[in-house]
Amino acid sequence: TVEAVVILGLVTFYQQRLGVKTFVLAVTYFVVTSWALFAPAGVGPSDSVIAYLQGSAIVVNVASLFPQLKQNFVRKSSGSYSSVTASLASAGCAIRLFTTIELANGDPLLLLNYGVALALNLSLLLQIIYYATQK
């Protein structure tokens with residue numbers, strides 16, 4: 001999800017929509033994520049906090065990929081979005097789904113997160129293929 005936050009940040013920056021609200025949200029996300037990752041045992045986040053953060057990752061993934069899907073649809077073109085990037089992102093999500101099933105005992109929130117990301121990345125890939133054949 002750090003990747004998704006970076007992409008979302010770049011989109012807002014280049015569209016000149018990087019206001020105070022976006023900046024505060026990004027800093028908050030960074031602080032909470034750092035605390036969750038590096039807090040000592042017993043001081044770190046509870047299971048409910050981890051579940052909340054996993055759920056919020058789904059929102060971040062959608063927020064980072066949906067603008068590209070919408071832009072492609074409006075322009076009827078994938079622009080310069082790479083089919084290689086979309087393919088690798090889709091493959092990465094598929095691998096994450098498999099490893100979550102095998103290694104994380106099929107954690108439902110992780111499966112939902114990677115499933116949504118796979119669906120969005122596959123949608124981008126299908127848009128690239130569809131609009132390439134329309135030329």
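How do the axes of helix α4 and helix α5 cross, and within what distance do they come? I opened the notebook with this, keeping in mind that the model is predicted.

**Entry 1: α4 and α5**

I looked up the pair and found that the axes of α4 (residues 83-103) and α5 (residues 108-133) come within 8 Å, crossing at roughly 155°. Angles over 145 degrees count as roughly antiparallel, and I therefore put α4 and α5 down as roughly antiparallel to each other. The crossing in which α4 passes α5 is left-handed.

I then listed the side of α4 that takes part, and noted S83, A86, S87, A89, S90, C93, A94, R96, L97, T100 and I101. Their partners in α5 are L110, L111, Y114, G115, A117, L118, N121, L122, L125 and I128. Sorted by class, the residues of this contact of α4 with α5 come to 14 nonpolar, 6 polar and 1 charged.

**Entry 2: the chain as a whole**

I stepped back to count elements, and the protein chain has 5 helices and 0 strands, so I could write its pattern along the sequence as α-α-α-α-α. Taken along the principal axes, the box filled by the C-alpha atoms is roughly 60 × 40 × 20 Å.

**Entry 3: α3 and α5**

I turned next to α3 and α5, whose axes come within 9 Å and cross at roughly 10°. That angle makes α3 roughly parallel to α5.

Which residues carry this contact? On α3 I noted A51, Q54, G55, A57, I58, N61, V62, L65, Q68, L69, N72 and F73, which meet L109, L110, L112, N113, V116, A117, L120, N121, S123, L124, Q127 and Y131 in α5. I recorded 15 nonpolar and 9 polar residues in the contact of α3 with α5, with no charged residues.

Setting the two lists beside each other, I saw that L110, A117 and N121 of α5 are named in the contact with α4 and also in the contact with α3.

**Entry 4: α1 and α3**

For α1 and α3 I found axes that come within 9 Å and cross at roughly 40°, which makes α1 oblique to α3. Here α1 passes α3 in a left-handed crossing. The contact is made by A4, V5, I7 and L8 of α1 together with V60, N61, A63 and S64 of α3, and these residues divide into 6 nonpolar, 2 polar and no charged.

**Entry 5: the second largest pocket**

I last looked up the second largest pocket, which holds about 560 Å³ of space. It is lined by 20 residues, of which V5, L8, L25, A26 and Y29 are the closest to its centre. The elements giving two or more residues to this lining are α1 (2-14), α2 (20-38) and α3 (47-75). By class I noted 15 nonpolar, 5 polar and no charged residues in the lining.

Looking back at Entry 4, I noted that V5 and L8, which are among the residues closest to the centre of this pocket, also belong to the α1 side of the contact with α3.

Key: Residues numbered from 1 in each chain as written. Predicted model: local features only at pLDDT ≥ 70, side-chain atom pairs only at ≥ 80, totals over all residues. Heavy atoms only, no water. Axes fitted to C-alpha atoms, helices over the stretch in contact; angles between N-to-C directions. Helix = DSSP H or I, 4+ residues; strand = E, 2+ residues; numbered from the N terminus. Parallel < 35°, antiparallel > 145°, perpendicular 65-115°, else oblique. Left-handed = near helix turned anticlockwise from the far one by under 90°. Contact = heavy atoms within 4.5 Å. Nonpolar A, V, L, I, M, F, W, Y, C, P; charged D, E, K, R; others polar. 1 Å grid on protein atoms, 1.4 Å probe; cavity = no way out; pocket = protein on both sides within 12 Å on 5 of 7 lines; lining within 4 Å. Points joined across faces, edges and corners; volume = space filled by probe spheres on them.
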